[in-house]
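Q: Please take a close look at the charged side-chain pairs in this structure and at the parts of the chain they join. I should also like an account of the surroundings into which those pairs fit.

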Amino acid sequence: MIQNGYLTRHCPICGSKPPAKPEISSEVPAETKDFESLVPYWNGFFKNKVFFSYYRCETCGLLYTPTFFTGPQLEQLYAQMPPNMDVVPLDSLERTQRGYFDILKSATPLKGGFIEVGPDVGLFTKNCVKDGGFDQYWLFEPNRDVEPALSSTMGAAKFHIIHDMFGFSQVPDGAASVAVMVHVMDHLLDPVATLRELRGKLAAGGNIMLVTHDESSLLRRAIGWKWPAFCLQHPEIYNLDTMRKLFEAAGYDVVKQAKTVNYFPVAFLLKQLLWALGLRVSSFPSFGQIAIGLKLGNMLTIATPKRAV
């Protein structure tokens with residue numbers, strides 16, 4: 001339902017009505033501002049925080065925003081979004097993505113068909129091409145600007161780049177043994193429907209891997225509403241328990257969950273910390289681009305379709 005120019009909704013996992021009061025809000029909640037005034041807050045870590053208030057579902061425990069942007073508003077916002085991976089240096093991003101890949105490699109055979117939703121320039125996918133045995137790739141990436149870089153990453157592999165983010169009809173049923181979404185699920189308004197549709201594209205015994213933010217993390221508890229993942233781009237944020245409930249609602253069994261290591265330059269971490277404390281420092285020494293691996297608030301989940309579904 002549209003109200004005051006924004007979408008209003010119930011819990012996207014269980015459908016329950018939101019409680020009376022939010023759990024997390026910015027100093028100026030986004031739902032009190034009009035759309036045009038929110039556009040400048042859409043991109044970037046280091047800005048004054050404005051986001052839609054998050055409520056805790058009293059039935060399943062999901063932390064989500066009952067008020068959020070409409071579909072046309074999201075299309076406008078994502079159309080003017082810069083490349084996804086320009087905040088943290090490439091080397092740090094590659095090390096982080098390799099860690100995700102190593103967990104996947106330890107849990108499932110890397111062969112058959114492969115689906116990735118939101119691969120960007122292919123930092124995760126290139127590990128699959130190099131060290132996996134997949135025979136075909138379906139890559140759902142709406143940003144046409146990254147197509148040359150993504151195509152280059154794929155080399156001689158058989159691949160399809162599909163610019164409809166959720167055009168899963170282009171994948172034959174049962175064709176993929178693995179599907180991957182890295183920091184995509186937090187952005188979806190109907191995550192259960194997306195997972196159900198992907199379930200039909202997985203072969204028997206196939207697996208799906210999601211990387212998401214973890215709202216139960218120590219960092220989130222330490223800095224509260226100033227945690228970077230509380231932002232205009234995330235209509236819901238999961239923890240280990242609500243992620244299991246999401247997969248259960250979509251017809252999957254969870255087979256593995258893990259807190260993930262992310263690599264960040266020292267300067268980036270210091271800037272994040274100082275901004276969270278309210279100190280607006282704009283520049284730092286580079287510290288020689290030294291990067292530190294920390295479990296700072298992300299988690300990885302691997303699930304497989306239920307046999308009875």
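A: In this predicted model, the side chains of Lys-201 and Asp-173 form a salt bridge, with 2.7 Å between the closest N and O atoms. Lys-201 belongs to the loop between helix 6 (191-199) and strand 10, and Asp-173 to the loop between strand 8 (159-162) and strand 9 (176-182); the pair thus links distant parts of the chain, 28 residues apart. The two partners differ in their exposure to solvent. Lys-201 has a relative accessible area of 8% and is therefore buried, the cut-off for that class being under 20%. Asp-173, at 63%, is exposed, since that class begins over 50%.

This pair is one of 14 salt bridges found in a search of the whole structure. Where else do salt bridges form a network? Glu-23, Arg-56, Glu-215 and Arg-220 are linked in this way.

Arg-56 takes part in two of the contacts described here. With Glu-23, the side chain of Arg-56 meets in a salt bridge of 2.8 Å from N to O. That contact again joins distant parts of the chain: Glu-23 lies in the loop between strand 2 (6-8) and helix 1 (35-38), whereas Arg-56 lies in strand 3, 33 residues apart. With Glu-215, Arg-56 forms a salt bridge in which the closest N and O atoms are 2.6 Å apart. Here the separation is 159 residues, as Glu-215 sits in the loop between strand 10 (202-213) and helix 7 (218-223), while Arg-56 is in strand 3.

The members of these contacts are not equally accessible. Glu-23 counts as partly exposed, at 38% relative accessibility. Arg-56 is also partly exposed, with a relative accessible area of 22%; this value does not qualify as buried, because that class requires a value under 20%. Glu-215, in contrast, is buried, its relative accessible area being 3%.

Arg-56 also has a place in a sheet. Leu-63 in strand 4 is the bridge partner of Arg-56, and strand 3 pairs with strand 4 (residues 63-64) in the antiparallel sense over 2 bridges. These strands belong to an open sheet of 3 strands in the order 3-4-11, with antiparallel pairing. Strand 3 (55-56) and strand 11 (236-237) each have a single partner strand and stand at the edges, so one side of each lacks a neighbour in the sheet. In general, strands of a sheet pair through backbone hydrogen bonds, either parallel or antiparallel. Arg-56 thus has a bridge partner in strand 4 and a place in the salt-bridge network.

Next to Arg-56 in sequence comes a cysteine. The structure holds 0 disulfides, and Cys-57 is accordingly in none; the nearest cysteine sulfur belongs to Cys-14, at 3.4 Å. This distance does not meet the criterion, because a disulfide requires sulfur atoms within 2.5 Å. Cys-57 is buried, at 3% relative accessibility, and Cys-128 is buried as well, with a relative accessible area of 0%.

Aromatic contacts form a further part of the picture. The structure holds 19 aromatic pairs. One of them joins Tyr-6 and Phe-52 edge-to-face, with 5.2 Å centre to centre and 80° between the planes. Tyr-6 lies in strand 2 and Phe-52 in the loop between helix 1 and strand 3, so this pair ties together parts that are 46 residues apart in sequence. Both rings are in buried residues: Tyr-6 has a relative accessible area of 3%, and Phe-52 is at 1%. Ring pairs also bring Tyr-6 and Phe-52 into a cluster with Phe-35, Trp-42, Phe-68, Phe-69 and Tyr-78.

A polar contact without a salt bridge partner of this kind completes the account. Gln-136, in strand 7 (residues 133-140), makes a side-chain to side-chain polar contact of 2.5 Å with His-160. Gln-136 counts as buried, at 17% relative accessibility. Leaving aside residues up to four places away in sequence, Gln-136 touches Gly-112, Gly-113, Phe-114, Lys-158 and His-160.

Key
Residues are numbered from 1 along each chain as its sequence is written. This is a predicted model: local features need pLDDT of at least 70, side-chain atom pairs count only at pLDDT 80 or more; totals for chains, interfaces and linings use all residues. Side-chain values use heavy atoms; hydrogens and water are left out. Two strands pair if DSSP finds at least two bridges between them. Helices (H or I, at least four residues) and strands (E, at least two) are DSSP runs, numbered from the N terminus. A salt bridge is a side-chain nitrogen of Lys or Arg within 4 Å of a carboxyl oxygen of Asp or Glu. Buried means under 20% relative accessible area, exposed over 50%, partly exposed in between (1.4 Å probe, protein chains only). Rings of Phe, Tyr and Trp (its six-membered ring) pair if their centres lie within 6.5 Å; planes under 30 degrees apart count as stacked, over 60 as edge-to-face and the rest as tilted. A polar contact is a pair of N or O atoms within 3.5 Å; within protein, one must be able to donate a hydrogen and the other to accept it, and residues adjacent in sequence count only if both atoms are side-chain atoms. Contact means heavy atoms within 4.5 Å.
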